[in-house]
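Colleague: Before we go through this model, could you set each value against the definition behind it, and then say what follows?
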Amino acid sequence: MEVDKMDENDWKYHGEGNKSLVVCHVQFPRVLRLLKYPAADSENPPQTAEQAFRQIQNMVDFSSKVMSSLLGDKFIHSGEVVKLPLEFVRQLSIKIQQQRPAWRCDKVMDIYSGCALCLPNLTSPALHQATLTPPLCIEIKPKCGFLPSHKHVSKDIKARVCRYCMHQHFKVASGKWKRRSLYCPLDLFSGNKQRMTFAVRHLLEEPQNNFKVFKGGQCVYSCKESSDDPPDVNGLLHHLRPYFLQGNNRTSSHMTNKAILNDFIQVLVNALLSERGDGGAVTDRQEEGRSFCEASLFNRERVGHASQGLPADSVLFRILQTQMLDTLDIEGLFPLYRRVEQHLQDFPKERSRLQVDGPYNEAFLEKVQKCRMEDDGSVESAIAKVHQYCVAMTAKDCSIMVVLQPREEEEEDDEGLRRLRDFRPSPFSSSVSILDLDPKPFDSIPRQLRLDQKIVSCYLRTGGALPKGSRPQHPSILSAADREECTLLFHPM
Ligand SMILES: O=P(O)(O)O[C@@H]1[C@@H](OP(=O)(O)O)[C@H](OP(=O)(O)O)[C@H](O)[C@H](OP(=O)(O)O)[C@H]1OP(=O)(O)O
Ligand SMILES: Nc1ncnc2c1ncn2[C@@H]1O[C@H](COP(=O)(O)OP(=O)(O)OP(=O)(O)O)[C@@H](O)[C@H]1O
């Protein structure tokens with residue numbers, strides 16, 4: 001990328017989250033991730049260009065030196081910091097403004113620093129010809145996949161109902177979303193195909209900010225912005241149909257919508273379970289009985305104790321292991337945070353030695369990995385636990401990108417290959433990446449505790465009940481019978 005020849009017309013709006021806005025190149029598989037600031041700061045940027053550069057470099061270092069060791073470097077693309085002409089950034093910001101969802105416009109794109117993170121476009125990994133079946137890409141923000149231990153929580157409900165499911169009630173009550181999602185991360189992280197299928201169905205049904213589908217780099221399925229309308233499942237089916245007719249059900253041109261969705265979900269679940277290295281394993285939490293959420297609608301008896309567990313080295317396994325570096329829960333962690341905070345008030349210069357805000361290097365990683373379980377009362381042991389917790393927070397907030405690339409057509413007259421196809425090999429090759437691996441600031445910990453308290457008290461107050469109309473009301477992807485018999489209706493896997 002030649003930064004001195006940047007033209008805003010070569011870039012278009014791609015998406016955004018709470019902290020950054022992403023534009024993609026119209027021709028090359030590249031994106032630029034730009035920082036966002038609260039709109040109130042738009043006249044006076046909250047940091048200098050040097051600080052913005054440092055912040056983005058910190059993001060690169062954290063991803064490449066810390067998270068990639070924990071999650072597996074094969075999943076990670078850390079990118080590089082680039083300096084862009086300010087005029088280009090200003091014009092870009094004007095150009096994309098109209099495409100931004102209104103609910104994200106409480107923040108503005110950083111047009112002052114000229115700094116951005118340049119990354120491969122994970123939704124459109126390579127230049128592809130304009131065919132009916134360009135790569136499909138599914139983005140999932142899975143959130144936290146385990147329950148905290150009883151030992152560290154003051155409210156028993158936290159060890160029975162997962163944070164995501166409780167948070168849904170708070171989000172609906174506070175107006176963030178109109179309807180509650182029935183997705184439960186513990187089902188997705190279970191490694192059991194029936195539970196995972198159930199989880200993905202609920203992601204599809206109420207995608208919120210947890211599920212998107214891209215086709216050839218274009219977003220074709222996501223939540224509808226601030227509307228009561230359901231997501232456009234028929235539109236998605238229209239996009240998916242050519243892939244599944246072509247792939248594994250070539251003989252039938254009458255595949256039902258349900259069969260297409262089933263096939264799509266199966267391919268996705270298989271990609272999430274695919275290993276990129278070692279053999280299978282079962283995660284610890286299964287032994288601890290912390291893998292079922294009482295709020296999940298999945299009928300637990302269907303799987304009994306025959307839990308499959310996640311294959312070691314699958315993307316979900318690696319994310320879950322990293323999330324589980326949070327061994328104390330925010331409640332157990334908070335006194336340690338306070339110890340560090342007090343120490344920093346007394347000795348402000350210690351902030352740098354303790355690597356409170358980085359640098360994110362091998363020494364930092366070592367502290368995270370070698371942190372002893374017991375607290376010896378020192379500030380060193382407290383900060384090590386805080387670092388572990390912050391790393392776990394990043395893993396609880398990251399997203400997974402699964403790219404499904406249709407395989408080349410096989411020769412029709414090749415008997416051997418045709419017989420192979422009868423065994424239903426996947427019609428796709430898949431690749432998996434993890435994105436949004438930014439460090440979580442030390443100072444965000446008190447907010448975490450406050451939010452945790454609000455979520456739990458809202459859940460306890462409503463007794464898990466919801467205001468009328470906040471459950472998915474639209475014609476559901478899952479019929480009533482599907483909900484009851486969900487696992488029986490899918491193809492055997
Ligand atoms: O606290 P949570 O669980 O609500 O997570 C926040 C996310 O909300 P979610 O519940 O996924 O909709 C939130 O996502 P949205 O803005 O809601 O899309 C951010 O990812 C936020 O991270 P950061 O503060 O911008 O670094 C996330 O905050 P932290 O990861 O810093 O807690
Ligand atoms: N490398 C990439 N390739 C393709 N799309 C990307 C890439 N990075 C981000 N995106 C898209 O841009 C969106 C916003 O990016 P990202 O999640 O990094 O923002 P964020 O502000 O850090 O999010 P959060 O709200 O979780 O803090 C993503 O949901 C994804 O759809």
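Modeller: Let me begin with the term needed first: a polar contact is a pair of N or O atoms within 3.5 Å. Please keep in mind that this is a predicted model.

Colleague: What makes the pair formed by ligand 1 and Lys 171 a polar contact?

Modeller: An oxygen atom of ligand 1 is 2.7 Å from an N or O atom in the side chain of Lys 171, and because the limit is 3.5 Å, the pair counts as a polar contact. For Arg 163 the distance from a polar side-chain atom to an oxygen atom of ligand 1 is 2.9 Å, and for Lys 19 it is 3.2 Å. Taken alone, ligand 1 exposes 590 Å², of which the protein buries 85%.

Colleague: Why do you say that ligand 1 lies between domain 1 and domain 2?

Modeller: Both domain 1 (3-120) and domain 2 (136-324 + 399-435 + 463-489) contribute residues to the shell around ligand 1, so the ligand lies between them. That shell is made up of 10 charged, four polar and two nonpolar residues.

Colleague: Why is strand β3 called largely enclosed?

Modeller: A residue is buried when its relative accessible area is under 20%, and seven of the nine residues of β3 (residues 30-38) are buried, so the rest of the structure largely encloses this strand.

Colleague: How do you know that β3 pairs with β2?

Modeller: Pairing requires at least two bridges, and five bridges join β2 (residues 20-25) to β3 in an antiparallel arrangement, so the two strands pair. Cys 24 stands opposite Val 31 in β3, and a hairpin of four residues connects β2 to β3.

Note on methods:
Residues are numbered from 1 along each chain as its sequence is written. Chains are lettered from A and ligands numbered from 1 in the order in which they are written. This is a predicted model: local features need pLDDT of at least 70, side-chain atom pairs count only at pLDDT 80 or more; totals for chains, interfaces and linings use all residues. Side-chain values use heavy atoms; hydrogens and water are left out. A polar contact is a pair of N or O atoms within 3.5 Å; within protein, one must be able to donate a hydrogen and the other to accept it, and residues adjacent in sequence count only if both atoms are side-chain atoms. Accessible areas come from the Shrake-Rupley method with a 1.4 Å probe; for residues, only the protein chains shown count as cover. Ala, Val, Leu, Ile, Met, Phe, Trp, Tyr, Cys and Pro count as nonpolar, Asp, Glu, Lys and Arg as charged, and the others, Gly among them, as polar. Domain bounds come from an automatic or database domain assignment. Buried means under 20% relative accessible area, exposed over 50%, partly exposed in between (1.4 Å probe, protein chains only).
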